[in-house]
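Reader: Could you walk me through this one? I'd like to start with a helix and then move on to other topics.

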Amino acid sequence: MSVRVRRVYEPPEPDDGVRVLVDRLWPRGLAKDAARVDEWPKGLTPSTELRRWYHTDEGSFEEFRERYEAELAVPEAAELLERVRELAGKGPVTLLTASRQPDRSHAEVLARLLSE
């Protein structure tokens with residue numbers, strides 16, 4: 001199973017496979033046709049409360065990961081996660097995020113869960 005994380009602002013590459021935007025809001029300044037997004041499961045994104053808590057630097061990435069994984073256990077998010085897992089079982093999947101630090105974002109948490 002091939003799952004990777006990239007910034008949505010990077011140009012699409014031929015080996016991206018299915019491009020899945022995992023941010024709740026559309027990235028600023030990016031035209032939809034330029035992003036070449038195939039899927040946009042908004043229900044997979046962290047809650048507004050969790051996102052705000054994490055971005056105020058109140059907690060560690062590990063605590064964020066634990067809280068986010070708990071959010072992903074609710075039925076709607078679990079179904080969407082399973083949908084992306086099925087896509088990854090068929091070929092490469094690239095999780096796209098506008099985060100400046102993708103390796104310390106919810107996209108990285110998703111990639112790890114999908115690779116298990």
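**Helices, a pocket and a loop**

Author: This is a predicted model. In helix H2, the buried residues are Leu50, Trp53 and Tyr54. Viewed down the axis of H2, these buried residues fall within an arc of 95 degrees, so they line one face of the helix.

Reader: What does the face of H2 turned away from its buried side carry?

Author: That face carries Arg52 and His55, which are exposed.

Reader: And which helix do the buried residues of H2 pack against?

Author: They pack against helix H3, which covers residues 61-71. Just after H2 there is also a backbone detail to note, since Asp57 takes a positive phi of about 60 degrees.

Reader: Switching topic, how much space lies in the largest pocket?

Author: The largest pocket holds about 860 Å³ of space. Its lining is made up of 24 residues, and the closest to the pocket centre are Asp23, His55, Ala98, Ser99 and Arg100.

Reader: Which helix gives the most to that lining?

Author: Helix H2, residues 48-55, gives the most to the lining of the largest pocket, with three residues. His55 therefore comes up twice in this chat, as an exposed residue on the face of H2 turned away from its buried side, and as one of the residues closest to the centre of the pocket.

Reader: How do the lining residues divide into nonpolar, polar and charged?

Author: The lining of the largest pocket has nine nonpolar residues, seven polar ones and eight charged ones.

Reader: OK, on to H5. How many of its ten residues are buried?

Author: Seven of the ten are buried, and helix H5, which spans residues 106-115, is thus mostly covered. The buried ones are His106, Ala107, Val109, Leu110, Ala111, Leu113 and Leu114.

Reader: What do the buried residues of H5 pack against?

Author: They pack against two strands, E1 (3-7) and E3 (93-97), and against the helices H3 and H4, the latter covering residues 75-90. H3 also receives the buried residues of H2.

Reader: What happens at the start of H5?

Author: There, a side-chain oxygen of Ser105 reaches to within 3.2 Å of the backbone nitrogen of Ala107.

Reader: Last topic, what is phi of Arg36, and where does that residue lie?

Author: Phi of Arg36 is near 50 degrees, which is a positive value in a residue other than glycine. Most residues other than glycine have a negative phi. Arg36 sits in the loop between helix H1 (32-35) and H2, and with a relative accessibility of 48% it counts as partly exposed.

Note on methods:
Residues are numbered from 1 along each chain as its sequence is written. This is a predicted model: local features need pLDDT of at least 70, side-chain atom pairs count only at pLDDT 80 or more; totals for chains, interfaces and linings use all residues. Side-chain values use heavy atoms; hydrogens and water are left out. On a 1 Å grid over the protein atoms alone, a cavity is a set of points where a 1.4 Å probe fits but cannot get out, and a pocket is an open set with protein on both sides within 12 Å along at least five of seven lines; lining residues have an atom within 4 Å of a point. Grid points are joined across faces, edges and corners, and a volume is the space filled by probe spheres set on the points. Helices (H or I, at least four residues) and strands (E, at least two) are DSSP runs, numbered from the N terminus. Ala, Val, Leu, Ile, Met, Phe, Trp, Tyr, Cys and Pro count as nonpolar, Asp, Glu, Lys and Arg as charged, and the others, Gly among them, as polar. Buried means under 20% relative accessible area, exposed over 50%, partly exposed in between (1.4 Å probe, protein chains only). The arc is that of the directions from the helix axis to the C-beta atoms. Contact means heavy atoms within 4.5 Å. A polar contact is a pair of N or O atoms within 3.5 Å; within protein, one must be able to donate a hydrogen and the other to accept it, and residues adjacent in sequence count only if both atoms are side-chain atoms.
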